[in-house]
Every structure is written in C-alpha cells, then in structure tokens.
Amino acid sequence: MSAILHVQNLVKNYGDFKAVKGVSFDIEEGEIFSLLGPNGAGKTTTISMLSTLYTPTSGDATIGGHSITKDPMGVRGIIGVVPQDLALYEDLTARENLIFWGQMYNLSGKSLTTRVDEVLEQIGLTDKAKDRVKTYSGGMKRRVNIGVGLLHKPRLLFMDEPTVGIDPQSRRAILDTVKDLSKQGMTLLYTTHYMEEAEELSNRVGIFDHGEMIAIGTQKELTQQVGEAETLILHVGENDDSEALAKTLKDIQGVQQATAVDHEVSIVCAEAEDVLAAVVTKANDRGIKIRSIDIREPNLEAVFLHLTGRALRD
Amino acid sequence: MLKTFLIGIKDVRLAFRDRAALILMLAAPFVLTVGLGLVTGRFSSNTSSGVSDIPVIIVNLDNDQLGNALADVFNSADLADLLEPTSGSDPEAARKSIDEDKAAAVVIIPEGFTKSIIPQQSDFANGNVVAADPVKIEVYANPSRSTGAGIVKAIVDEFLSRVEEARVSETTSIEQLIFSGRITPQQALATGSAASQGIQTTSPASTLAVKINSSTANGDAVKFDALAYIAPAMALMFLMYTVSYGGRSILAERAQGTLPRLLVSPTNTAQILGGKVFGIFLTGTIQMLILIGASSLFFQLKWGDPLGVIVLVLAAVFGATGWGMVITALARTPSQVASVGTAIMLIFGIMGGSFINLEQMPSFVQTFSKITPNAWALDGFTTLGLGGTLTDLSAPIIALLSMGSILFLVSVVLFGKKNLVQK
Ligand SMILES: Nc1ncnc2c1ncn2[C@@H]1O[C@H](COP(=O)(O)OP(=O)(O)O)[C@@H](O)[C@H]1O
Ligand SMILES: [Mg+2]
C-alpha cells in the first residue's frame, strides 16, 4: 500500500493562537482514516489546509504527489470536500446544486447528468431532486452536502463531521454511505468527535487534541497503548455531585483515571472487578446512589481519557 | 471563461428566485414610475412634459418672415409650459450667459436668414433656386443642461426641416407654409436629430444648417413624455440596488460556505470573482431590459433608438457594477453592503437626477452627479427619448465605461487585501 496523503509538520497559527502545532501523518490508499478529537481540537483547520483553502503557516503535505502549497490546483482535482457546515445554494434544487457543482469540477454534458442521477440515487434523494434545498430537513441537506463532494469521484474525500446535529436515521444512512464509498475504493479522511463513529468506520484513527496528533494507529494498537484498560461507568442520580465523587475515586488503588460528565462517572482501570467493590463503597460513603453500572472493554474513549485526562465530549 | 459564465448564470437564477430582490429590482421601480407618472399627470393628459421652463435666449438678427416665425414658435402659447424664452440682441452677451449657466441654449438667427431661403425674383430668372446658400442658424448649447438644450435643438431642427421640405418641393410658398400653420409648435417639438448634434454645436462644422431630416420630415413627431424621464430614472435608481445585492452575494457566499467550497474546487479565484461580477452585470442588464420592456408595453413609452438603448443599458450597468464591487470590497459583512448599498442608491438617485431634474439643481450637485452612473445614463436616455441615436451617446457611454473601469481597478486592489476564505 502506498500513501495517498503525506503530511509533514503542518502548522497553522491564527495570530498568536496555535491551532495546529506541527502535525505529521500518512493516509494509505483505500483506507478510512478518522481524525477523532473534541471541538476546537483543530480538525477543521487541518482539513482546510489539506484541501488548499488555508495556507499553512509552515509545513507541507502532498496528495497523490501534488504539494498543497506548490500545486494547489493539482490537489483540487483529486480531492473531494464535504465541509462541516452546509455549503449549498438553498434557493436551488438538489439537482441544480449538483449540476452546478459538477460543472465547477469540470463535468459537462451527458456525463454530468448521468453522474448527477447516480449521486442522487446514492444519497437517496432522487424523488426530492426537484425541490429547493431550503425545503429539506437537516438530514437531507447534509446528504446533498455530501453528494456535492462525490460528483467527480475524488480519489481522496474529506468529510468534516458530516453527522453533526442530525436525526439517528439520517446518521445511519450517512455512515452506510461512507462504508459504501470505501468499498468502491475511495480513500476517506473522516473527522468526528463521536468515538462510536470512529470505531465503526475507521481502519486507522488519529487522536487529535489541542492542535496535536496525540496518538495514531488502529483501534487495537491504540487500546493496547493504554494498557488493556477497562472503563467502568457509573450512572448516578441527578442531584448527586459526580465531580466530587470522581475526585475521591481517583484515590482507589488500581484506578488510573476518573472523570465525571453530567451524571456519568467514567473510571479507567486495568481490571474492573478489582475496583468495583471499593468504588461502590466510596459512593455509599458520600451518600450517592448508583443507578446502574456498565463495564466497557477498552475503547477509544478510554484511550482519549488516558492520554488527556479528559472525556472526549465535554 | 466557461466557469465564469456558469457562475454568473447561477447568480442570475438565484437573484430572480429571491422574492425580496424581485420586489426591489422590478416591482419598486415599476410602481414608482406609475406613481410619479400620476403625480406629473402623465396618465391624465398627453401634453404634459417632464421638463419645463427651459430658459432659452432667442437672438433674432434676421427680423424677417422666417426669423420672426421661428421666434414666434418659441414664444407660442403651446410651448409656454415647456420653454422660458427671452429675446436678446447681442449674440456675444447671449453666449456669455450660457457660459454662466443662466440658460440652456441660445438660438441665434443671423441677419439675412430669410433672404437666403426665400427665393428672390432674380433667382427665378437665373434658374438658381436650389443653389442658394442658406445662412446658418446657430444653437449654442449649455453642456450641463443637455436635456433642455436638446429640446431647443429639436425645435429648431424641426422648424428647419419643414422649411427645407417646402423649399425643395416648391409646392407651397413659404408664406403659405407659415401662415397656414403648417409649422406649428406641436410639430416643432419633435424628436428630430437635433439632440444628436452633441453637446457643443458652436463650432462651424457642426453648426446647424438647413437640412432634411427624414424622420421628422415625414411627420413622425413625438412629444417629450414625462415618463421618458421618470421611467429610466427609477430603473437606474433600482439598478443601484441590484449591483449592491450582487456585491452582497459575494460576502453572503463567503458566510454560507459556498465561496470557500468554490475555492477548493478546481476553479481559480479570478474565474470565481469574474463569475460573480458577470452575474451582477447580467442581473442588472436583465432588470433594465425588463423594466424598459414593461414600460414600452404598458405605457407605450418610446425609449428611442433600440441599438442606442441597448448599448446605453450595457454601459450603465457596467458603471453601476463597478460601484457594487467597490462597496462590497469596502464592506465587512453582507448586511453592511446592504445598508451602504441602500444609502448609495438613494443618494445617487437624488444627486443623479432621479427625482428632480438636474438642470434645476445647484451647480455643486450637478458637479457631484458626474460620479453617479444615474446622471450619465439618464442624460443618455433623455437624448434617446428626444430622438437621438447611438452616435449621440458618446459622452455618457465613454463616461460610464471609464467609471466602471476605474471602479473595477479600485475594487481589484481592495479585494486583493480581502480575505475571501473567512469572515
Ligand atoms: N479563523 C480563526 N481565527 C482564530 N481562531 C480560529 C479560527 N478558526 C478556528 N480557530 C480556533 O482554532 C481552534 C481549532 O478550531 P477547529 O479547527 O475549527 O477545531 P475543530 O474542527 O477540531 O472543532 C479552535 O480553538 C478555534 O477557536
Ligand atoms: Mg470542526
């Protein structure tokens, strides 16, 4: 396998603020690579540089051999971009949008119309193609937004948080589309702050935080990094002070991390059974009622927690 | 090139799908035209005129039949509303008052004018009738009052063409011609080629001479219609809305993410901005043509020489588009473009003569008006309405094209410093 994308020391500063602090990684032809990180980690900034929208402060990347700084036009022809925020003409119909964007990607004539029909089919909007985009639901708009990125059959497709803020059904449809595209041989760079999406879709994951790639590898490689840790999740009452509980739980021997998000306390430990009794006792001591307990095998959430001391969604 | 065109077409489509834009581009100017037309009485009486009380100085050195007849035309009751004639005796003094902007035009009827035209007995004897060399009437026009001056020239021209018609055909004696009322003020106020003489007619080459003007000679006379001023004035005012709407769409596309999306497609910045400009230009042109078509259809308004109208529309939209681009390049947000655009639309509308004829405004306003596309284009449309043709439009067209070009250069410089990617 060869790398379609090769990133070297990419840096982006907004004035004094360092949004991306020297990131390097490769993406292999044919894989789905996820950039997983919380809001503000620098995912969109990274994708914006790779798609030639922003000029990097320093560093470079090549896509299919074209440098993003020296040959942006060469890059643009082989990449597709699905931006995080919808970028469509709401007063045009889905079909008109696709036709227009297809033309911007140098498609024309019969091949354009056939391709537009294919994409409409793929995003499941053939029936609604003649309605203006502004009449669509959020999920339908997201699908058109994706469709635009697919028109010219890019070799590498950037998808920036394509499932944010939509209903579960549309989300499912989008995840399935992503898998289909991968099966058809497209390489994908997918960003998300949903651990489950990264787990379900990706061959490899890059964990992003504060403008840095803090870990990279397959899910298995990453969970091994955190030392086979498991996560114990306590669901506590609405009025209970989960933060304070998390603090005291850290003192228990065998607990590596303990964090609270809303009414959930996540406890990272090598072996859940070893700490369970102590955890329940501590909770009882503080008068906190445990509603339920889950034990999770090592996952990316745990990896993130382990690496940063914070939960992914906060 | 193709992508520039496609982006422009897309923008036209979007503009004509935006109900708010349609109201301001088409409905508002149309309704205002009707409203102002009602105020000026255009729809109740056919004789009223958009311009009135044009100050004109008649210097009649001829004091013979024809000279007196022409002076009578200017002083006739039928033209009392339109003209404000005074008579003078000294051509130099009269020219001076034009230079001081006290009148729209001076008509100098030289000594011997009648004699040079009405055949003398001796001429008949010599069979020398046609060879007689007519003495020329001079119309000294005020360039800053081209509408008024154009009307004066049209009257003189019409008069002369009637005289010439009679002289050549020799079917009617001149006296009969005048006293039978064949030369009436009504006929005189025709769309002749008078306004076509350009702004300065005082040089010998362009001094009016007796000549036949086919369009006026066959009696195809049209009154100067108040709407011929109001309709283009309103269309031009709301053309300024359209160009700022178009400019605003550049910043709106930046905010809604479609501009960044275009920038990551294999389309370069010049094609994209070119496409946006082309879209503004095309939208403005279509708007103007629809308004012109509608007023021709519903009010039987005659805009004049079609070729002249089209070229003038293109030049006017070009000049206005330049303003739209500069406003956009200076603004930060779409709503800034909208508010600045509206302000400029109103200021240019007033200063450019959309509500009050510029000739009735103080001279500093007239000077200021030269930076507005409205004033130049309105000047051109008036010329056309008075029967002028494309060849008479060089001044407004050159002015509008230069205005557009300069403003484009300015906007390119300003856009170069602008971040198209982010707000
Ligand atoms: N144009 C900008 N100017 C200044 N700061 C910015 C700009 N765009 C993003 N940032 C900041 O850079 C950081 C990374 O943002 P972003 O790349 O959007 O993160 P993500 O996509 O991972 O949520 C954030 O702290 C954000 O506030
Ligand atoms: Mg983002």
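**Close-up views of a predicted model**

**View 1. Helix 9 of chain A rests against strands.** In this predicted model, helix 9, made of residues 242–249 of chain A, lies across strand 11, strand 12 and strand 13 of chain A. Its direction is at about 175° to that of strand 12 of chain A.

**View 2. Helix 10 of chain A lies across four strands.** Here we meet helix 10 (residues 272–285) of chain A, which lies across strand 11, strand 12, strand 13 and strand 14 of chain A. Helix 10 runs at about 25° to strand 11 of chain A.

**View 3. Four strands of chain A make an open sheet.** Follow the order 12-13-11-14 to walk through this sheet of chain A, whose pairing is antiparallel. Strand 12 (255–261) and strand 14 (290–296) of chain A each have a single partner strand, so they stand at the edges with one side left without a neighbour in the sheet. On average, neighbouring strands of the sheet are turned by 15° against each other, direction ignored.

**View 4. Strand 11 pairs with strand 13 in chain A.** Residues 230–236 of chain A (strand 11) and residues 264–269 of chain A (strand 13) run antiparallel and are joined by six bridges. To find one bridge pair, look for Thr231(A), whose partner in strand 13 of chain A is Val268(A).

**View 5. Trp101(A) is a buried residue with contacts in both chain A and chain B**. Trp101(A) belongs to helix 3 (residues 94–104) of chain A, and its relative accessible area is 0%. Leaving aside residues up to four places away in sequence, Trp101(A) touches Ala87(A), Tyr89(A), Val148(A) and Leu151(A), along with Thr258(B), Arg261(B) and Leu262(B).

Conventions. Residues are numbered from 1 along each chain as its sequence is written. Chains are lettered from A and ligands numbered from 1 in the order in which they are written. This is a predicted model: local features need pLDDT of at least 70, side-chain atom pairs count only at pLDDT 80 or more; totals for chains, interfaces and linings use all residues. Side-chain values use heavy atoms; hydrogens and water are left out. Two strands pair if DSSP finds at least two bridges between them. Helices (H or I, at least four residues) and strands (E, at least two) are DSSP runs, numbered from the N terminus. Axes are lines fitted to C-alpha atoms, for helices over the stretch in contact, and angles run from 0 to 180 degrees between N-to-C directions. Contact means heavy atoms within 4.5 Å. Buried means under 20% relative accessible area, exposed over 50%, partly exposed in between (1.4 Å probe, protein chains only).
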